[in-house]
Amino acid sequence: MSNHITSDPPSRRTPEPVHPEHAAAPGVHRHLNLIAGQWVPPSGGAYYSIRNPARPGECLGEFANSTAADVAAAVGAAAGAASAWADTPAPQRGAILSRLAQLLDDSRDELARIVTLEQGKALGEAAGEVGRAAAEARFMAGEAARPVGSTYPSERAGLSCQTVAEPLGVVATISPWNFPVVTPVRKIAPALAWGNTVVFKPAMLTPWSAVYLMHLLDRAGLPPGVVNLITGSGSVAGEALIHDARVGGISFTGSTDVGRRIYEGAARRLARVQLELGGKNPAVVFDCEDLDGAAREIVAAAFLCSGQRCTAISRVIVSDDQAEALAGRIVDYVSRIKVGDGLDPETTMGPLVSHGQLRSVAQYVRDGIASGCPTLAGGRALTEDPERDGYYHAPTVFDRVPADSPLALEEIFGPVLPILRVHSFEDAIAIANSTRYGLAASLFTSRLGYVHDFSRRVQAGMIHINHGTASQAHVPFGGVKESGQGAYSIGHTASEFYTNVKAVYVRW
Ligand code: NAP
Ligand code: MG
């Protein structure tokens, strides 16, 4: 194995044991599940390996391929830890989150390297992700000490009325592979702040960051069983987790199709869900005086993480009269993107996360070319033999894309930016609203009237004016239509998912 990180950070209590009866291949570290504070092998004895998307020949480690029995044990541990954790004074819970935030900052370089190795994004982006996770954990540390509930005037003398916020109990958190640190922290930190215990299933492709995060939580002083880690597949471990009757809430980030399935399953037992799903986020450009600034923001928002972001700008809708000038500037910024191994300091865009993702993106691009859309940049995979040389695809820009093309309607989740030209602002708004998604939307303009119109009429959870689709660490985050369901995450609105309201009447 040629990567240089072979061990996890030192833990206080729970070193990951090496199980001789479950020995991995020489030089490959085998990671276990974390249940009730113990690192335990999967009950079926099965493991799977993960690979570096920049050099797929390189095995990064083996991880537990968990069974339904492992999930049941983890949920049992979380249920067992629930009442003591809920009774822990909230500021003490917050203090653990403060320490987590500090540990994330302190281990930023090492954890960023793990993110780049398993996910592929450029190292600077990975470091930014870890810093962002620290900021979100820090916000939630403070949230643990802020007021919850209200006091009401009573209709009757001698009676007081108040509401309190109670934890749900056990929360299941299921995350995708594109942000393997910040998405889990965005779920685990608020769960803990408001007194819930957690069973966490990371994406199969990115479990290493998840294991590292468990060590940081341990070093932060989290008691055993409060957060439990189960690695393995969505179809086995994920399914077992979402159907366990002891799970009071499911916070899921991932594709719309899996989110819908989770919502259906949860409805049967009336479990609460928080779903953060896909997007097809438009950038509308109309009467814009600063086309260069618009192009810069659009290209950054479109190609970060190789376009594998739910909030990536994934279509540009521009007025005919500005289309040529904007396209030229977009191509200019795209030509400056340096594609390569994320560990190389020169790299600004890494590989796609997997061969499957590369195949899917390359197919969209081939179909786009075949349909006659002009390719202004890129247009192909960059490696002949991706299993040997990495899952690289050129950043690609299409012009004059028809509004009914799959390029314009479907979430490609890769470095592909279609440009749609329109005659009127009315058409721009209609097209912006024409997909099944409603996550984020940007408008670049110098006209105040458009700002108001766009903010009011575009169906999206988050609106950005003269700004790419970048969110902040304390501002509510979520989507409408098929982009999401349930409470917005990030910031104080997360409490609507992580707590139940209880009304308390006291006569004296
Ligand atoms: P995904 O296929 O939906 O998987 C997400 C997670 O769900 C993974 O941990 C997956 O496990 C698990 N899973 C799969 N099937 C399951 C099932 N039947 N029951 C329970 N869990 C199951 O999504 P992805 O491919 O990892 O990520 C890409 C998608 O995520 C995109 O659509 C993107 O837009 C969306 N996303 C949304 C946001 C947001 O905040 N709105 C953020 C990031 C990504 P496996 O790893 O085993 O498949
Ligand atoms: Mg998937």
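The side chain of Thr469 has a polar atom 2.5 Å from the backbone oxygen of Thr311. A polar contact is a pair of N or O atoms within 3.5 Å; within protein, one must be able to donate a hydrogen and the other to accept it, and residues adjacent in sequence count only if both atoms are side-chain atoms. This is a predicted model, in which local features need pLDDT of at least 70 and side-chain atom pairs count only at pLDDT 80 or more, while totals for chains, interfaces and linings use all residues. Residues are numbered from 1 along each chain as its sequence is written, chains are lettered from A and ligands numbered from 1 in the order in which they are written, and side-chain values use heavy atoms, with hydrogens and water left out.

**Around Thr469**

Thr469 belongs to the loop between β20 (462-465) and β21 (480-481). Helices (H or I, at least four residues) and strands (E, at least two) are DSSP runs, numbered from the N terminus. Thr469 counts as buried because its relative accessibility is 2%. Buried means under 20% relative accessible area, exposed over 50%, and partly exposed in between (1.4 Å probe, protein chains only). Leaving aside neighbours within four places in sequence, Thr469 is in contact with several residues, including Ala301, Arg309, Thr311, Ile313, Ser442 and His464. Contact means heavy atoms within 4.5 Å.

**Positive phi angles**

Two residues in loops have a positive phi although they are not glycines. The table lists them.

| Residue | Phi | Loop | Relative accessible area |
|---|---|---|---|
| Ser306 | about 55° | between α9 and β14 (313-319) | 2%, buried |
| Ile490 | about 65° | between β22 (484-485) and α16 (495-498) | 2%, buried |

Leu270, just after α8, also takes a positive phi, of about 55°.

**Helix α8**

Helix α8 (residues 256-268) has 13 residues. From its first C-alpha to its last, α8 reaches 19 Å, close to the 18 Å expected at 1.5 Å a residue. The expected span is 1.5 Å times one less than the number of residues. Which residues of α8 are buried? They are Thr256, Gly259, Ile262, Gly265 and Ala266. An α-helix has 3.6 residues a turn, so residues three or four places apart point the same way. The cover over the buried residues of α8 includes β8, α7 (234-242), β11 (247-253), β12 (272-276) and β18 (437-438).

**Aromatic rings**

The structure holds 7 aromatic pairs. In the pair of Trp177 and Phe413, the ring centres are 5.5 Å apart and the planes are at 75°, so the pair is edge-to-face. Rings of Phe, Tyr and Trp (its six-membered ring) pair if their centres lie within 6.5 Å; planes under 30 degrees apart count as stacked, over 60 as edge-to-face and the rest as tilted. Trp177 lies in the loop between β8 (170-174) and α5 (182-193), and Phe413 in the loop between α13 (406-409) and β17 (416-422), so the pair ties together parts that are 236 residues apart in sequence. Trp177 counts as buried at 15% relative accessibility, and Phe413 is buried with a relative accessible area of 17%.

Phe286 and Tyr450 form an edge-to-face pair because their ring centres are 5.9 Å apart and their planes are at 85°. Phe286 is in the loop between β13 (281-285) and α9 (291-303), whereas Tyr450 is in helix α15 (residues 448-457), 164 residues apart. Both Phe286 and Tyr450 are buried. One aromatic cluster is formed by Trp194, Phe497 and Tyr498.

Charged side chains also sit over rings. The charged end of Lys121 is over the ring of Phe179, 3.7 Å from its centre, and that of Arg186 is over the ring of Phe477, 5.0 Å from its centre. A charge sits over a ring if NZ of Lys or CZ of Arg is within 6 Å of the ring centre and within 35 degrees of the ring normal.

**Strands**

An open sheet is formed by 3 strands in the order β6-β7-β23, with antiparallel pairing. Two strands pair if DSSP finds at least two bridges between them. β6 (151-152) and β23 (499-507) stand at the edges with a single partner strand each, so one side of each is left without a neighbour in the sheet. β6 is joined to strand β7 (residues 159-167) by 2 bridges, and Thr151 has Gln162 of β7 as its bridge partner.

Strands β4 (residues 47-52) and β5 (residues 55-64) run antiparallel and are joined by 6 bridges. They form a hairpin with 2 residues between them. Tyr47 stands opposite Ala64 in β5.
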